[in-house]
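Subject: Structure handover

Hi,

Here is the structure I promised to pass on. My notes on what turned up are underneath, so have a look at it first and then read on.

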Protein chains: 2
Amino acid sequence: MSQYRAPWGDIEFLLEHVFARDGQAALDLDLARSVAHEAGKFAQAFLEPVNRRGDQAGARLEQGAVVTPPGFARAYAAFCEAGWNGLRHPERFGGQGLSAVLSTLTEEIWHACNASFALCPMLTGGAIEALLAAADPVLQARLLPRLVSGEWTGTMNLTEPGAGSDLGAVKTRAVARGDGTYAITGQKIFITYGDHDMAANIIHLVLARIPDAPAGVKGLSLFAVPRHLLRDDGSPGEPNRVACVALEHKLGIHGSPTAVMQFGDDEGATGYLVGAPNDGLKTMFVMMNEARHAVGIQGLALSERAYQHAVWYAGERRQGRIVGEDGSRGDTILRHPDVRRLLLGIKSRIDAMRALAIYLALQRDQAHGGAQASPRAAAQARLDLLVPVMKGWFTETAQRATYDAMQVFGGMGYIEETGAAQYYRDARILTIYEGTTAIQANDLVGRKTVRDQGAEARRLLDEIAAAARPGLDGEGLGEALRAACADLRAAVDAILEQAGSAPRAAYAGGVPYLELWGVVAGGWMHALRARAAARLPEARRQAVLASAAFYARHVLPQAAALRQAIVQGGTQADAYPDDCWVG
Amino acid sequence: MSQYRAPWGDIEFLLEHVFARDGQAALDLDLARSVAHEAGKFAQAFLEPVNRRGDQAGARLEQGAVVTPPGFARAYAAFCEAGWNGLRHPERFGGQGLSAVLSTLTEEIWHACNASFALCPMLTGGAIEALLAAADPVLQARLLPRLVSGEWTGTMNLTEPGAGSDLGAVKTRAVARGDGTYAITGQKIFITYGDHDMAANIIHLVLARIPDAPAGVKGLSLFAVPRHLLRDDGSPGEPNRVACVALEHKLGIHGSPTAVMQFGDDEGATGYLVGAPNDGLKTMFVMMNEARHAVGIQGLALSERAYQHAVWYAGERRQGRIVGEDGSRGDTILRHPDVRRLLLGIKSRIDAMRALAIYLALQRDQAHGGAQASPRAAAQARLDLLVPVMKGWFTETAQRATYDAMQVFGGMGYIEETGAAQYYRDARILTIYEGTTAIQANDLVGRKTVRDQGAEARRLLDEIAAAARPGLDGEGLGEALRAACADLRAAVDAILEQAGSAPRAAYAGGVPYLELWGVVAGGWMHALRARAAARLPEARRQAVLASAAFYARHVLPQAAALRQAIVQGGTQADAYPDDCWVG
């Protein structure tokens, strides 16, 4: 097995050179360096060693309680002890209040080393954001210090058997008891870390309906439902009426328990209203946007981990004669042209994704903490447009990255002991949870493109086109990026037109439209990287430019095909007669 | 779970209309209909019911012997009893001598219903072909009747720990004993059905070296090594020195035992030379070409099965409001634009693959049994060019098909009980075994394009361009196919030029070149389908044309991007400095 190395060189390049002029967040490079260094050491010591064991042992349900894989609880205790859980959360609740940039780079490291483990703090983080956004001060004071420290963890309870992507169909009920609490009754499925043995309490954020609430999503309220009832001093008391009734058997992320949760039995479970009645979806969206951003980072992280594993193997395995190099038998497969193509194919996409992740983290820091209102709003608009792209494109790219990494191993890749298959299986959930790629595409089409009539999309396209100026370093990059921008501009026009005249065509083109945004945004990042490459030592400069050139020749040309799929490809499936699908 | 339906409607369309004028093989349509019908019934009764059980239980090694999953042995006995094993094998050895077209359509059905099971007769079939090609009449008489009936099975032993894609590194030794037999000593890995409990004997075809043989692939000889020694009457006697020492833990095809085989212990195992000494690779290629063709069919089959499963779910699951259809809550997800896009995306690729599989089967029948030498040679040249395309492109396409099919299920797709994940896991081996996609691409570039200076490639391109005439039915198809042909023509030129001046660039472009051939050959098949569609009832005609139009808008436009990757994309990875891969 290879050992993971935190990609510090690339992060330093991004922070010091690529985004130097955009450093609104007053980045402290020394702090970033030491945080990344410590995070890498921690992950190697505690998270990576239990990743494979977590896959093999899985989380188990024993007598109504979930037992996490060997080593997970110890790793979690160390994680909290070291203060990692509160890195980005407010100091007033015991966190360190550090920037989104720093949390982005540490989260990549956690997910790379153990995606199953890292889901637990990821969801706690989302719950914290939701409570910060909407809970009253009393509830915040009772819950947040313990969630920030990691003493307790948080979950996200949306899905029900009849309510997946369609939250309007949620049936879980909440009845006011008159003492300030609510009685919650219903079943939720696919609850990540819905139960476990790593923390003293679990705070479930649950979407439910109050009697006589409006139908659909406008009648959803959000509740905090603790696994153990809260004593007056805030410490956990008797068990609440909350039960994990089953765990799912999944393709991957075996170490992460995915629970079927039953709230209430003959009586309801005790819950606390978070925010105003019937206003729950808005708060849940805070949590979901957090989670979408975080799942994008997971896509980057699993791509990087699988890639490093494949690079290691390619440098060890000796097999075959090397094309174009006489007498080379005995060299490693890293010299085979197709192995290099596979590896640079992953690397050039990782380079694009990590740059975009850091760029969006800078926008988040600006949007949340900027001194002036106008740049704050601009950063928020940029973020709103690109979060579905990050979630959708990073996670679809992670499928290809983990697939190609496995391919480098040949037959050994299909053997579970090799470890490549685990990254592939773990990654497969990423395009499904926290909203499938189609759900991200619907968001990108409807709320992010059509709602403002393409204003923010075109603003960003102008910016990208300016970066794609002739003479840009990286062979073929400027030309390819300009062509891809033109394709995306045509796609924006087509989506806007179809949205009025043929909305089904617009939404049938949604996923290709999202992919096209990803391809172009990635090319933009390569342009920014290539522009800054001159400041690097020669070999590193050459690496940045070869990666950009590969992206220009292999990835950006897909823009023209995606444009066709969007502009002309939306109607065929509706023309297909339903009784001819099978036979 | 959905129940599989043999795609008889499509097969009938292909045999009766699309390839009617190419019916050199004197196709008996009634025979094909009854064979497909019976095969479908058999597969539903015996193979599909044990597919999931095979995945869960897996093959196990117990006290040195492999136990196959519950139901496999019974299914195999029924399979042989019904005569399926000998369908395409010569009548003089007890087979039915039916055409490649008929075996192609039945093999699709076996692999669709149970890919793990179907590997066993698939490998026996390859062993039969190798023995027919090279074994002496005495050995043929001893082995073939029992292999054809299925009473015994066959395996293919190439790979060793140090010899994967590079067969020149094979170390297994064979020493003549002077009694006509050889003593075989060595270890082979990744041996599919290397041991099992479904047949009375197993004939291992083993590549090994005779003392003083030339180095590399020119010193390989082929041996038949039975698990049980052959008595004079041909019946199985004492155990040979052949042992299954381990089974691999794989990502998928759990029902199929993948064995580490030890030949010989203190003494060698008894083996029989097949063909001339040092001439083993040529015979093994007979078997490998069989297997590549068969694995291509597996790609088609798993795509079809995963697709039918997804269509079934999409027609059952109700979720969400349907875009562009007011008041449609409660409709099934089959009405969602992106679900239709996913399904037609799979279907249009399946339509292309099945047509190409049948086309190539017709070429096989022509090449092997045609009355005249010149058409026989032409068919063989066509087959030689397209077999690596079929193996490489069908199996890469199967990855996308099983991925997209899983995506239709949303969160349920990630749960193993749903069954979608099994098709996805099973399919993952297809681009690896019997030569990875890169190995197919090397063959396509070196032996199939460069060796004849592109003659056969250009001959086929002329034929495809003629089919892509203006006015072709299927919206946009003619234009898109003509453009894609021009892209492929440019790619052939580039590969030929690079092969002389920059061979590493040619081979770095090999996989994109293979994909481009697949995309164009698939478009050609859609053109032939569209041409014949007028003979169908209206709904079926509309289905054929919508599928072709989808292919024209979503798949064929990728040709331009692949052209760029081939023409200009071969050098960046060599420019990438090796010490910059990680960090």
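Where in chain B is B:L251 placed? B:L251 is in the loop between β10 and β11 of chain B; helices (H or I, at least four residues) and strands (E, at least two) are DSSP runs, numbered from the N terminus.

Before the rest, some housekeeping. This is a predicted model, where local features need pLDDT of at least 70 and side-chain atom pairs count only at pLDDT 80 or more, while totals for chains, interfaces and linings use all residues. Residues are numbered from 1 along each chain as its sequence is written, chains are lettered from A and ligands numbered from 1 in the order in which they are written, and side-chain values use heavy atoms, with hydrogens and water left out.

The β10–β11 loop of chain B

B:L251 counts as buried because its relative accessibility is 1% (buried means under 20% relative accessible area, exposed over 50%, partly exposed in between, with a 1.4 Å probe and protein chains only). Leaving aside neighbours within four places in sequence, B:L251 has partners from both chains: A:M406, A:Y414, A:E416, A:A421, A:Y424 and A:R425 on one side, B:R425 and B:R428 on the other. Contact here is heavy atoms within 4.5 Å. If you want a distance to check, the C-alpha atoms of B:L251 and B:M353 are 25 Å apart, with their places 102 residues apart in sequence.

B:I253 sits in that loop too, between β10 (242–247) and β11 (258–263). Its phi is positive, about 35°, although B:I253 is not a glycine. At 3% relative accessibility, B:I253 is buried.

Another positive phi, and a strand residue

B:E434 is also a non-glycine with a positive phi, of about 55°. You'll find B:E434 in the loop between α11 (420–427) and α12 (437–450) of chain B, and its relative accessible area of 16% makes it buried.

B:L273 belongs to strand β12 (residues 269–274) of chain B and is buried at 17% relative accessibility. Beyond four places in sequence, B:L273 touches B:L139, B:Y182, B:S221, B:L222 and B:F223. From B:L273 to B:A163, 110 residues away along the chain, the C-alpha separation is 21 Å.

The core

Which residues touch the most other members of the largest nonpolar core? They are A:W517 and B:W517, in a core of 377 residues. A nonpolar core is a set of buried Ala, Val, Leu, Ile, Met, Phe, Trp, Tyr and Cys residues joined through side-chain atoms within 4.5 Å. Outside its four-place sequence neighbourhood, A:W517 is in contact with A:L385, A:L386, A:V389, A:L444, A:A457, A:L460, A:L461, A:L488 and A:V492. In soluble globular proteins, nonpolar side chains tend to be buried together.

A buried arginine

A:R305 is in helix α8 of chain A, and at 0% relative accessibility it counts as buried. Apart from residues up to four places away in sequence, A:R305 touches A:S2, A:Q3, A:Y4, A:E48, A:A112 and A:Y423.

Cavities

There are 3 cavities of 30 Å³ or more. On a 1 Å grid over the protein atoms alone, a cavity is a set of points where a 1.4 Å probe fits but cannot get out, and lining residues have an atom within 4 Å of a point. Grid points are joined across faces, edges and corners, and a volume is the space filled by probe spheres set on the points.

- The largest has a volume of about 270 Å³. Its lining has 26 residues, and B:R88, B:E107, B:P121, B:M122 and B:G125 are the closest to its centre. In chain B, α5 (100–113), α6 (115–134) and α8 (280–316) each supply at least two lining residues.
- The second largest holds about 220 Å³. Of its 19 lining residues, A:N85, A:R88, A:E107, A:P121 and A:M122 lie nearest the centre. Two or more come from each of α5 (100–113), α6 (115–134) and α8 (280–314) of chain A, and α6(A) gives the most, with 6 residues.

That's what I have so far.

Cheers

Notes:
1 Å grid on protein atoms, 1.4 Å probe; cavity = no way out; pocket = protein on both sides within 12 Å on 5 of 7 lines; lining within 4 Å.
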